[in-house]
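Visitor: I should like to go through this model one point at a time. Could you begin with the terms required?

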Amino acid sequence: MPDQLLDHVAADANAELAKVIDAIAKASIDIRLEFPYRMGIVEGGENKYGEQQLKLDAWTNEFLCDRMIETNLVKAVYSEELEQPETGLPDAPYIICMDPLDGSSNVKSNNSCGTIVSIYKNELGRGSEQVAALFKLYGPVTTLAYTVGKGTHQFIQQLKHDIGFVISQENMTLSATGGIYGIGGKKEEWNPKLRTFVEGLEPRGYKLRYSGSMVGDVNQVLHYGGLFAYPKPKLRLNYEAKPMAFLIEQAGGASTNGVQSLMEVLGDSVDARTPVFLGNKDLIKEIEKMNR
Ligand code: AFP
C-alpha cells in the first residue's frame, strides 16, 4: 500500500505543511537504525537542563534538524537539545519546536521513546496558534499521530513491500470515562488534594500504566482514555506540553497546567517548563476545580 501521510496532511492542511511533516516521518527509519549503536552511550556534554546528553539525543536532534531545514520551508528549529535554534531560509514559513528524542533514558532499557514536534507559522505563540503537532512513537512498530486542527490521526510505518506511513486510526477519540492513569514524579511532590484524587482513581476503575516516556504514556491515553500527568514542572511547555495538548484536545480530551488549558499558556521563555495534565475532560475539570 503506498504512503498515505503526505496526501492526508495536504488534504487537511496544505502541500507545504505536508512536505515538512513527511520529512519528519521519513526520518524514522534512520533514527531507529541508530538505536543499537548509540544505546546508553553518553556524550561528554549536558543539555541546557543539565541532563546528560546521550549520543543518540544529539544525533537525532541534528538529523531531524537537517531533514526539516532542507525542505526550505522551515525558518527555525527550537529544540530541547539546542542552546540556540537552528536556522533555515529567513523567509521560510514554519517554525518548529521539538523534543527530538523524548524518553531517551528509556533507550538503555529498550523501552519506548519518541519524537514530539510542534509547528507554528511565522512566529511562536500560544498552543492554540500551532498549525500542527505530531509525535512519533518508536515502539514495537513506528507510529505517527498528527493534527492540524481537524482531528487527531494515527499512521503506522509499513516496511515490507511499499515503505511508507499508512492510516491506522482516523479521528481518534478518547473514551469519555475510564482507562489508564500515569502520573510522573514523586508522591511527596504532589499537593494533598492531588494525592487524594490520584489515590481515588483505581477505585473508580482506572488502571496504572506509566512508562517513563511522555510519548508512550500519552499514546496510551489516546488509545484507552484516562490521564497522563507530571505535576512537578519538569516537562517543557513548547517541546512537549503544547503539542501533546493539541493532539489530546483534538481527540476530544482536555489539558491543563492545573489552572488553564495548556493551549492558552504562553510561558516566559521558549525553554519554560510546566506542570502537565492531559486526558479525559471530566478528570481535567476535577483537577482544575481542586486548584481553585
Ligand atoms: P528523558 O527524555 O530524560 O528520558 O525524560 C523523559 C521525560 O521528559 C518524559 O518523556 C517523561 O514523561 C518524563 O520525563 C519521565 O520523568 P521521570 O523519569 O521522572 O518519570
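Guide: A residue is called buried when its relative accessible area is under 20%, exposed when the area is over 50%, and partly exposed in between. The model under discussion is predicted.

Visitor: Is histidine 161 buried, partly exposed or exposed?
Guide: Histidine 161 is located in the loop between strand E9 (153-158) and strand E10 (164-169). Its relative accessible area is 75%. Because the limit for this class is over 50%, histidine 161 is exposed.

Visitor: Which sign does the phi angle of histidine 161 have, and what is its approximate value?
Guide: Histidine 161 is not a glycine. Its phi is nevertheless positive, at about 60 degrees.

Visitor: Into which accessibility class does asparagine 72 fall?
Guide: Asparagine 72 belongs to the loop between helix H4 (55-69) and strand E3 (74-79). Although asparagine 72 is not a glycine, it has a positive phi of about 65 degrees. Its relative accessible area is 45%, and values between the 20% and 50% limits define the intermediate class, so asparagine 72 is partly exposed.

Visitor: How is the protein divided, and how many residues of each domain are in contact with the other?
Guide: The division is into domain 1 (4-169) and domain 2 (180-290). Taken over C-alpha atoms, the centres of the two domains are separated by 21 Å. The contact involves 43 residues of domain 1 and 29 residues of domain 2.

Visitor: Which residues come nearest to the ligand?
Guide: The shell around the ligand draws at least three residues from each of domain 1 and domain 2. By class, this shell has five nonpolar, five polar and four charged residues. Of the 14 residues around the ligand, those that come nearest are Asp102, Ser105, Tyr210, Met214 and Tyr230.

Visitor: How much of the ligand does the protein bury?
Guide: An oxygen atom of the ligand lies 2.8 Å from a polar backbone atom of methionine 214, and a polar side-chain atom of lysine 234 is 2.8 Å from an oxygen atom of the ligand. For glutamate 240, an N or O atom in the side chain is 3.2 Å from a ligand oxygen atom. Taken alone, the ligand exposes 480 Å², and the share of that area buried by the protein is 81%.

Visitor: With which side chain does the side chain of asparagine 238 make a polar contact?
Guide: Asparagine 238 is situated in helix H7 (residues 237-250). Its relative accessible area of 4% is under the 20% limit, so asparagine 238 is buried. Not counting residues up to four places away in sequence, asparagine 238 touches Cys97, Ser118, Tyr120, Pro243, Ser269 and Val270. The polar contact of its side chain, at 2.6 Å, is with the side chain of lysine 242.

Visitor: Is valine 218 buried or exposed, and which residues are in contact with it beyond its neighbours within four places in sequence?
Guide: Valine 218 is part of helix H6 (residues 214-224). Its relative accessibility is 1%, and since the limit is under 20%, valine 218 counts as buried. Leaving aside those sequence neighbours, the residues in contact with valine 218 are Phe228, Met244, Ile248 and Leu278.

Visitor: What distance separates the C-alpha atoms of valine 218 and alanine 27?
Guide: Along the chain, valine 218 and alanine 27 are 191 residues apart. Between their C-alpha atoms the separation is 22 Å.

Note on methods:
Residues are numbered from 1 along each chain as its sequence is written. This is a predicted model: local features need pLDDT of at least 70, side-chain atom pairs count only at pLDDT 80 or more; totals for chains, interfaces and linings use all residues. Side-chain values use heavy atoms; hydrogens and water are left out. A residue is near a molecule or strand if one of its heavy atoms lies within 4 Å of it. A polar contact is a pair of N or O atoms within 3.5 Å; within protein, one must be able to donate a hydrogen and the other to accept it, and residues adjacent in sequence count only if both atoms are side-chain atoms. Accessible areas come from the Shrake-Rupley method with a 1.4 Å probe; for residues, only the protein chains shown count as cover. Ala, Val, Leu, Ile, Met, Phe, Trp, Tyr, Cys and Pro count as nonpolar, Asp, Glu, Lys and Arg as charged, and the others, Gly among them, as polar. Domain bounds come from an automatic or database domain assignment. Helices (H or I, at least four residues) and strands (E, at least two) are DSSP runs, numbered from the N terminus. Buried means under 20% relative accessible area, exposed over 50%, partly exposed in between (1.4 Å probe, protein chains only). Contact means heavy atoms within 4.5 Å.
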